[in-house]
Each structure stands twice: as C-alpha cells, then as structure tokens.
Amino acid sequence: ARLVESGGGLVQAGGSLRLSCAASGMTFRLYEASWFRQAPGEERELIAAITWNGQTTHYADSVKGRFTISRDNVNDKLYLQMDRLRVEDTGIYYCTADPSGVPATTQPKFWGQGTQVTVSS
C-alpha cells in the first residue's frame, strides 16, 4: 500500500495551491481519507477528512472556509484545494487513508511521505 503526495511548493500569502495524493496497493475507494499538517516545531494535526464515499467532510477550524478536500474513487486520488493561504499554513502536508470506517480518525493506518508547503508573507 502506498500514498504519494504532490503539488506542494512556495506560494505568497493569499495565494492558492492544490495538493494531490495518489493511492496504490489498497482498496482506496472503501477507505476514509484525510490530510494532516505538521507545522515547524509542532505536532501533526488533522486538518481535513472525507468519508469513503465523499459524502461527508470535516475541517479543522483553522482551515474551514479556505480549504476543500475531495476525492476521485475511480482514479484512487485524494485532493486538497487550499485558497487564501496564510503564513501559518506553512508545514508538511500528509495524505492518509484508513480502512477502519471511522471518519476523521486521528490514527490512520496509511501515510504518505509528505509534501512541503511554504507560504511567504
């Protein structure tokens, strides 16, 4: 099982980025999925989650209204559209997938390697 993120980079505050995550070696369409973020010097936090069928989403207060999580179960992809980025959104972003059926779990089974997002002022 593997998750590979892409789309990170350097962007100015107020700008946008779209992260992608490609899943392989798992029945992704049946898994809960989410994005975590680890800011410098801080612990990883769950920032967005989506149920296996895409019908329900969950967002941390810090990103609500600015970020949108979505998935493509035909092509085994997970996305995070990030708009109106802030300096405090800087961090490593991780894609996760979990077969437990627990939405927005804080302990997902599968993790990607992470992609760096840096927002400059």
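**Close-up views of a predicted model**

**View 1. Thr 51 counts as buried, with a relative accessibility of 11%.** In this predicted model, the residue falls under the 20% limit below which a position is called buried. Thr 51 belongs to the loop that connects β5 (44-50) with β6 (57-59). Its side chain engages the side chain of Asn 53 in a polar contact of 2.9 Å. Once neighbours within four places in sequence are set aside, the residues in contact with Thr 51 are Glu 32, Thr 56, Arg 71 and Pro 103.

**View 2. A disulfide joins Cys 21 and Cys 95.** The structure contains 1 disulfide, and the sulfur atoms of Cys 21 and Cys 95 lie 2.0 Å apart. Cys 21 is found in strand β3 (residues 17-24) and Cys 95 in strand β9 (residues 91-98), so the bond ties together parts of the protein that are 74 residues apart in sequence. The torsion about the S-S bond is about -75°, and the disulfide is therefore left-handed.

**View 3. The cysteine residues of the disulfide are shown with regard to their burial.** Cys 21 has a relative accessible area of 1% and is buried. Cys 95, with a relative accessible area of 0%, is buried as well. Because the term applies to values under 20%, the 1% of Cys 21 meets the criterion, and so does the 0% of Cys 95.

**View 4. The strands that frame these sites belong to a protein with 11 strands and 0 helices.** From the N terminus on, the order of elements is β-β-β-β-β-β-β-β-β-β-β. Among these elements are β5 (44-50) and β6 (57-59), with Thr 51 in the loop between them. Strands β3 (residues 17-24) and β9 (residues 91-98) carry Cys 21 and Cys 95, respectively. Of the contacts with a separation of 6 or more, 56% are between residues 24 or more positions apart.

**View 5. The overall dimensions and surface of the protein provide the setting for the close-ups.** The C-alpha trace spans about 40 × 25 × 25 Å along its principal axes. The radius of gyration is 13 Å, which agrees with the value near 14 Å for a compact globule of 121 residues. Of the 121 residues, 45% count as buried. The protein exposes about 6200 Å², of which carbon and sulfur atoms supply 46%.

How values were computed
Residues are numbered from 1 along each chain as its sequence is written. This is a predicted model: local features need pLDDT of at least 70, side-chain atom pairs count only at pLDDT 80 or more; totals for chains, interfaces and linings use all residues. Side-chain values use heavy atoms; hydrogens and water are left out. Helices (H or I, at least four residues) and strands (E, at least two) are DSSP runs, numbered from the N terminus. Buried means under 20% relative accessible area, exposed over 50%, partly exposed in between (1.4 Å probe, protein chains only). A polar contact is a pair of N or O atoms within 3.5 Å; within protein, one must be able to donate a hydrogen and the other to accept it, and residues adjacent in sequence count only if both atoms are side-chain atoms. Contact means heavy atoms within 4.5 Å. A disulfide is a pair of cysteine sulfur atoms within 2.5 Å. The radius of gyration is taken over C-alpha atoms; the globule rule is 2.2 Å times the number of residues to the power 0.38. Accessible areas come from the Shrake-Rupley method with a 1.4 Å probe; for residues, only the protein chains shown count as cover.
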